[in-house]
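Hi,

Here is the structure I promised to pass on. Have a look at it first, then read my notes underneath.

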Amino acid sequence: MYHFFVPQNQIGPERIFITGADVNHIKNVLRMKPGEEIFVNDNVDKSFRCRIVEIESEVVWTEILDISLSKAELPAKLYLFQGLPKQEKMEWIIQKAVELGAYQVIPVATRRSVTKLDAKKAEAKVKRWNGISEAGAKQSGRSVIPQVTQVMNMREALEYGKDFDVKMIPYEKARGMEKTKTVMDKVRQGVQAGIFIGPEGGFEEAEIEEAVKAGFEPISLGSRILRTETAGLAVLAVAMYQLETEAR
C-alpha cells in the first residue's frame with residue numbers, strides 16, 4: 001500500500017486531505033481512484049489507514065479507517081555525518097540511510113572532499129536531497145521523513161554532535177574489532193548516536209584529532225577498506241539489527 005505524509009493541520013477527526021505534489025502523483029502517476037486505500041503518516045508517530053473519497057484538481061480527500069502508532073522507527077536516533085562524496089553518490093547514500101532507519105543525515109564538507117558547493121549550489125542540493133529522503137521514507141514505510149541538514153564544515157558538524165550519547169568515527173588506521181564492539185554496544189534504546197564518515201579520500205589526521213577531542217571514538221570496520229558509500233551504511237545496518245533485536 002502506498003504511503004504519504006501530511007502536516008498535522010491536514011488531519012481531522014474523520015478525514016485527512018492531501019495537497020501539493022502528491023495530488024498529481026496519486027491522480028496522474030499512480031492513477032488511483034476513489035475507494036482505494038493508502039497509508040498517511042503525520043511525520044511524528046501516527047499512521048492512518050485511509051480510503052480515498054474524492055480526487056480534485058489540487059486536493060485529495062480521504063476518510064480515516066484506522067489509526068495506529070508506527071512501528072517503523074528505530075528506538076534510538078541515528079545521525080549520519082557524511083563527508084561529501086563525488087557526483088551523485090550522496091543521493092544513493094541518503095536513500096539507503098533512510099531505508100536503514102537513520103534519523104538525520106548531515107552533509108559535511110571535509111578537507112579532502114572533492115565536491116565543493118557554494119551557497120547557491122548547496123541550497124539546491126539540500127532541497128533535492130530532502131526530496132530523496134522523502135521518497136525513501138515513503139518507499140520504506142517510515143513514519144517520519146529524515147531531515148537532510150544544510151552542509152556543515154568539520155567544526156560545525158563536531159559542535160552539532162557534541163551532546164550525543166554515542167559518537168563514533170570509522171577510520172582506516174583504527175585497529176581491532178573489540179573497540180568497535182564496545183562502542184556499538186552503547187547504541188541502545190533512547191540514545192542519540194552520531195556516525196561520522198569521511199569522503200573518498202578519507203580524513204586527514206588533524207581532522208581525526210579534532211574529532212577525538214570532541215568525543216568521537218575511532219573504530220575499525222574490519223580488515224577491508226570500505227568506500228565512503230559503504231562505510232556509513234555498514235554501521236547503520238549493524239545498529240539497526242542491534243536495536244531491532246533489543247526491542248523485541
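A quick definition before the tally: helices and strands here are DSSP runs, with at least four residues for a helix and at least two for a strand, numbered from the N terminus. Counted that way, the protein has seven helices and 12 strands. Keep in mind that this is a predicted model.

Now for the overall build. Along the principal axes, the C-alpha atoms fill a box of roughly 60 × 45 × 30 Å. The radius of gyration is 20 Å, which agrees with the value near 18 Å that a compact globule of 248 residues would have. As for the inside, 43% of the 248 residues count as buried. The accessible surface comes to about 13000 Å², and carbon and sulfur atoms account for 50% of that.

How do the contacts spread along the chain? Taking those between residues at least 6 apart in sequence, 74% join residues at least 24 apart.

Charges next: the protein has 35 positive and 35 negative ones, and their mean positions lie 4 Å apart.

Finally, one residue to find on your screen: H3, which sits in strand 1 (residues 3-5). Is H3 buried or exposed? Buried means under 20% relative accessible area. H3 has 17%, so it counts as buried. Leaving out residues up to four places away in sequence, H3 touches F39, N41, K138 and G141. Try picking out those neighbours yourself.

Cheers

Key. Residues numbered from 1 in each chain as written. Predicted model: local features only at pLDDT ≥ 70, side-chain atom pairs only at ≥ 80, totals over all residues. Heavy atoms only, no water. Rg over C-alpha atoms; globule rule 2.2 N^0.38 Å. Buried < 20%, exposed > 50% of the residue type's maximum accessible area, 1.4 Å probe, protein only. Contact = heavy atoms within 4.5 Å. Areas by Shrake-Rupley, 256 points an atom, 1.4 Å probe, with all protein chains shown as cover. Lys, Arg positive; Asp, Glu negative; His and termini not counted. Charge placed at Lys NZ, Arg CZ, Asp CG, Glu CD.
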